[in-house]
Amino acid sequence: MIKRLAGCVREYKRDAILAPISVTLEVVMEVIIPLLMAKLINNGIEKGDMGYLLKIAPVLVAACLLSLCFGAMSGRFAARAMAGFGKNLRHDMYYNVQNFSFANIDKFSASSIVTRLTTDVTNVQNAFMMIIRIAVRAPIMLVFSLAAAFSISAKLSLIFVMFLPVLAVGMFLIIRVAHPIFRRVFKIYDKLNAVVQENLTGIRVVKSYVREEREVGKFNAVSQKIYQDFTKAEGTMAFAMPLMMFCMYGCMLMISWFGARVIILGGGAPGALNTGELTSLITYIMQILMSLMMFSMVLVMMTMSRASGERIVEILEEKSSLHNPEQAVTAVADGSIRFENVNFSYTGQPDKLCLKKISFEIKSGETIGIIGGTGSSKSSLVQLIPRLYDVTEGAVYVGGRDVREYDLNSLRDEVAMVLQKNVLFSGTITENLRWGNEHATPEQIRHACRLAQADEFIQTFPDGYDTYIEQGGTNVSGGQKQRLCIARALLKKPKILILDDSTSAVDTRTDSLIRRAFREEIPDTTKLIIAQRISSVEDADHIIVMDNGCINGFGTHEELIAGNKIYREVYESQQKGGGEDAE
């Protein structure tokens, strides 16, 4: 994990190296200062030697200034390294997520990915800052101060050593208990984000059904769980400070007690402790114990960030479940489609199939209607064509070749898909439409909009094609959003066009005009239309009737009316409702 995360430092290695070097020089100065103070007290103040005072004082001031400068430099270098490290982490995670298949995204969930990109990166970023500063400073300060303390009085310095095992065992137990709790907390953060995301996405439904209190209750329940676990984890980590204080004040009391006895009983004998040395020793006590306290803070932060780091590495090391073959085919011959004994499961488990024994063939340029009840796996069927998912068994052929033989980008460039959930991005109408073809001319954009029956309502906007679309397309109606998405797909000039219930929000007249435009303007494009209305598919070359993940019927409108029970029942129910005009 550490090696993988360290690889994200990259261009900020220089700052990450200079920061601990500056910290080391700062520590050296801080260790020298008590030695200079001891000499100042023993040889200058106690003896009243003003010349010696004037000689040592500038050196002491210079050491203080150097310590200050090195401290400021280490802070600057560490801040740049930390910010750059966080930036690279987010970049690498986001870049890898772009390569994920739908199966990978289903595995993590959108809310979990957001948490890992934000909260988890911040935790690891803060831990990195502490590692290159405090984690370097604490052990160096500890070693140098111990060495200096032993040079003054080896016997008294052994007091420090007595307390080290107590501190080490205590911190080990605290971290061992706290880490699993922190890991659980960050998983609950994923649930919290999911609740917020779901509420904001469906805010209109929430308000129209007056379910605000229920959503608040869901949020409070998850938030309360985070509160309980975080309180438990932080309560465990809180024992670190009393443990540190016990060790610190225990050392100070014992050294002050034994040090005073040594000075009094020594009576100035050779090797006895004097006032200046005791002062320096007490200063080193503070430095040693402060370094231990800083080290405990690093351990606390690393305990929290360890769970975050593991979650980040999961994203960084996750490989897409879809791969390009070594010698990928880059050209799609035509829009023909063939399913050959296809079984499909979202989990990859043969006993949980949502598509079973699917076999059919579509010629290039044909229009195919797909109809079936809710949950009959209509969307699952068409998602296999651009290889958004891989089949569990069998094969899907496009242009006469298995879709797994194609380069993914080349295949998807030839398949335009208007998904069941229409998505528009913030920006102008033109900017949204150019997702289909970034080099599309204004005339090509208008032509695609005329085919999708969108040009008429766009012209009614004061700014026309420069009208700004809010995030998610909230300032246009459902039907307008669908037509813009169809126009965006048409700009790709695909060999295969898939409409996944993409005209459900438009009236039957507009639906009819869109289908007529398809027949007249893009006759060579294979068109698959998933619909709930018989009127949307009755003039298709063939119609597929889906039922419980299987093909229940395949034929023309007339053939299915005569020989397919499900299709006939749907047709009769819609006709009894008043025909097309009632839709």
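How many aromatic pairs does the count come to? The count comes to ten aromatic pairs, and two of these pairs appear in the views below, after a few words on the model. This is a predicted model, in which local features need pLDDT of at least 70 and side-chain atom pairs count only at pLDDT 80 or more, while totals for chains, interfaces and linings use all residues. Residues are numbered from 1 along each chain as its sequence is written, and side-chain values use heavy atoms, with hydrogens and water left out.

**View 1. Phe360 and Phe554 form a stacked pair of rings.** Rings of Phe, Tyr and Trp (its six-membered ring) pair if their centres lie within 6.5 Å; planes under 30 degrees apart count as stacked, over 60 as edge-to-face and the rest as tilted. The centres of the Phe360 and Phe554 rings are 6.3 Å apart and their planes are at 25°, so this pair is stacked. Phe360 belongs to strand β2 (residues 355-362) and Phe554 to strand β12, so the pair links parts of the chain that are 194 residues apart. Helices (H or I, at least four residues) and strands (E, at least two) are DSSP runs, numbered from the N terminus. Phe360 is buried, with a relative accessible area of 7%, whereas Phe554 is partly exposed at 35%. Here, buried means under 20% relative accessible area, exposed over 50%, and partly exposed in between (1.4 Å probe, protein chains only).

**View 2. Phe425 and Trp435 also stack.** Their ring centres are 4.2 Å apart, with the planes at 5°. Look for Phe425 in the loop between β6 and β7 (427-428), and for Trp435 in the loop between α14 (429-433) and α15 (442-451). The two residues are ten residues apart in sequence. Phe425 counts as partly exposed at 34% relative accessibility, and Trp435 as exposed at 58%. In another place to look for rings, Phe102, Phe344, Tyr346 and Tyr389 form one aromatic cluster.

**View 3. Six strands make an open sheet.** Follow the strands in the order β6-β9-β10-β3-β11-β12, with mixed pairing. Two strands pair if DSSP finds at least two bridges between them. At the edges are β6 (415-418) and β12 (550-555), each of which pairs on one side only. On average, neighbouring strands of this sheet are turned by 15° against each other, direction ignored. Strands β3 (residues 367-372) and β11 (residues 542-547) run parallel and are joined by five bridges. Within this pairing, Gly369 stands opposite Ile543 in β11.

**View 4. Helix α17 lies across two strands.** Helix α17 (residues 478-490) lies across β6 and β9 (496-500), and runs at about 175° to β6. Axes are lines fitted to C-alpha atoms, for helices over the stretch in contact (heavy atoms within 4.5 Å). Angles run from 0 to 180 degrees between N-to-C directions.

**View 5. Salt bridges link helices.** Side chains of opposite charge can pair when their charged atoms come close. A salt bridge is a side-chain nitrogen of Lys or Arg within 4 Å of a carboxyl oxygen of Asp or Glu, and the whole structure holds 26 of them. Glu26 and Arg137 meet in a salt bridge at 3.3 Å, N to O. Glu26 sits in helix α2 (residues 13-45) and Arg137 in helix α6 (residues 134-152), 111 residues apart. Both Glu26 and Arg137 are buried. In a second salt bridge, the closest N and O atoms of Asp190 and Arg311 are 2.8 Å apart. This pair links helix α7 (residues 154-201), home of Asp190, to helix α11 (residues 275-317), home of Arg311, across 121 residues. Asp190 and Arg311 are both buried. Salt bridges that share partners also join Asp511, Arg515, Arg519, Arg533 and Asp539 into one network.

**View 6. Arg14 and Asp15 form a salt bridge.** The closest N and O atoms of this pair are 3.5 Å apart. Arg14 is exposed at 51% relative accessibility, while Asp15 is buried at 3%.

**View 7. Thr330 sits in a loop and meets other residues.** Thr330 is found in the loop between α11 and β1 (337-344), and it is exposed at 58% relative accessibility. Leaving aside neighbours within four places in sequence, Thr330 is in contact with Asp407 and Ser410. The C-alpha atoms of Thr330 and Asn409 are separated by 8.3 Å, although these residues are 79 residues apart along the chain.
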